[in-house]
Amino acid sequence: MTARTQVLDRAVGQAMSAVSAAAKRGLGDPALAELVVIRASQLNHCAFCLDMHLAVARGLGVSERQLDLLAAWEEAEDAFDERERAALALTEAITVLTDGFVPDEVYEKAAKHFDEARLAHLIALVVAINNWNRVMVSRRVPPGGYTP
Amino acid sequence: MTTEEVTEYAPEQPARMRWAALAPEVYKAMARLEQASKQGLDPRLVELVRLRASAINHCAFCLDMHTKDALAAGETVQRIVHLNAWEESKHFYTQKELAAIELTEAVTVLTDGFVPDEVYEKAAKHFEEAELAQLIACIAVINAWNRFGVTTRAVPGHYQPGDFS
């Protein structure tokens, strides 16, 4: 499949990258960031984003076991610690807004594991990848174009 | 005999956090993205897109803000209200607006599937390629604001047009 369009305004692309970079910096946990970004990309079915971020995650040394089980993290208790689980639950809630709000218990569990500034950046990271997912899926950018 | 009835509304819920103050670099980049994404698009169309996405994502703050912005820009109450049932109210909108609204829904609800070819192609008939890319960016960006608003529970009701410009 070829992309529907290659066009993306340069200023838009640069600002999107800046949102992602600032969010990642503020979270300060590159491996967790990749788990979050991959989970959102799974939910949004973004092939380009999955291809790219699985490569990034492997480059960072995220285990194959975590990557294999990420889509079923709730049933894989030994593969993800409590902090990762809190981040993944929040990622799912923020990504699937159309089914309802972000539940208090999900938000509060995340707030127990992340201080307020890190939590703000974790939220921003989920927002940022949702942004990329939308831009890539809409334009049908094929997977495989990314090299680390 | 009449007694004056006092309407007691439910109390206002506080926001969960002030994310823009906690993540100022993110906020600055979002503001740049917001500016960049609306370049080349009709401001009235942009407000319709923002309102429809905000309704689908249930962002109360965004609905409050963009309803006020749309009204301030001369939009009609009828067109704002009927956005939620646009498929049955097509005669209030142009074909170009309808194509944009349909694309907005497809891009907003990604978890149910992809953006269908027929929806994309209809939009591509009404928007030339660069304008369509901006429209997609604009839809993605309101989705981003919706996610910040809902997650941090931004409080609706206090926005006045011009607050962020």
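## Helix α1 of chain A

Just past the end of α1(A), A:G28 adopts a positive phi of about 70°. This is a predicted model, so every angle and distance here is best read as a property of that prediction.

The helix that comes before A:G28 covers residues 10-27 of chain A. How far apart should its ends be? With 18 residues at 1.5 Å each, counted as one less than the number of residues, α1(A) should span 26 Å, and its end C-alpha atoms are indeed 26 Å apart, which agrees.

Which residues of α1(A) are buried? They are A:V12, A:A15, A:M16, A:V19, A:S20, A:A22, A:A23, A:K24, A:G26 and A:L27. Within chain A, these buried residues pack against α2 (30-43) and α7 (116-139). They also pack against α2 and α8 of chain B, which brings us to the interface.

## Where the chains meet

Between the two chains, 40 residues of chain B are in contact with 40 residues of chain A. On the chain B side, the elements giving two or more residues are α1 (19-22), α2 (24-38) and α8 (129-151). The largest share comes from α8(B), with 16 residues.

What is the make-up of this side of chain B by class? It has 26 nonpolar residues, along with nine polar and five charged ones.

## An annotated domain in chain B

For chain B, an unreviewed UniProt entry places the feature "domain: Carboxymuconolactone decarboxylase-like" at residues 24-105. Over that stretch of chain B, the chain is 72% helix and 0% strand. The C-alpha atoms at the two ends of residues 24-105 are 30 Å apart.

## Two positive phi values in chain B

Here is a pair of backbone angles to look at in your viewer. Most residues other than glycine have a negative phi. B:H58, which is not a glycine, has a positive phi near 55°. Where does B:H58 lie? Its place is the loop between α3 (43-56) and α4 (60-72) of chain B. B:H58 counts as partly exposed because 16 other C-beta atoms lie within 10 Å, where 20 or more would make a residue buried and 12 or fewer exposed.

B:R153 is another residue other than glycine with a positive phi, near 50°. This arginine sits in the segment after α8 of chain B. B:R153 has 18 other C-beta atoms within 10 Å, so it is partly exposed.

Conventions:
Residues are numbered from 1 along each chain as its sequence is written. Chains are lettered from A and ligands numbered from 1 in the order in which they are written. This is a predicted model: local features need pLDDT of at least 70, side-chain atom pairs count only at pLDDT 80 or more; totals for chains, interfaces and linings use all residues. Two residues are in contact if their C-beta atoms, placed from the backbone, lie within 7 Å. Helices (H or I, at least four residues) and strands (E, at least two) are DSSP runs, numbered from the N terminus. Ala, Val, Leu, Ile, Met, Phe, Trp, Tyr, Cys and Pro count as nonpolar, Asp, Glu, Lys and Arg as charged, and the others, Gly among them, as polar. UniProt positions are given in the numbering used here, feature names are shortened, and annotations may be inferred rather than shown by experiment.
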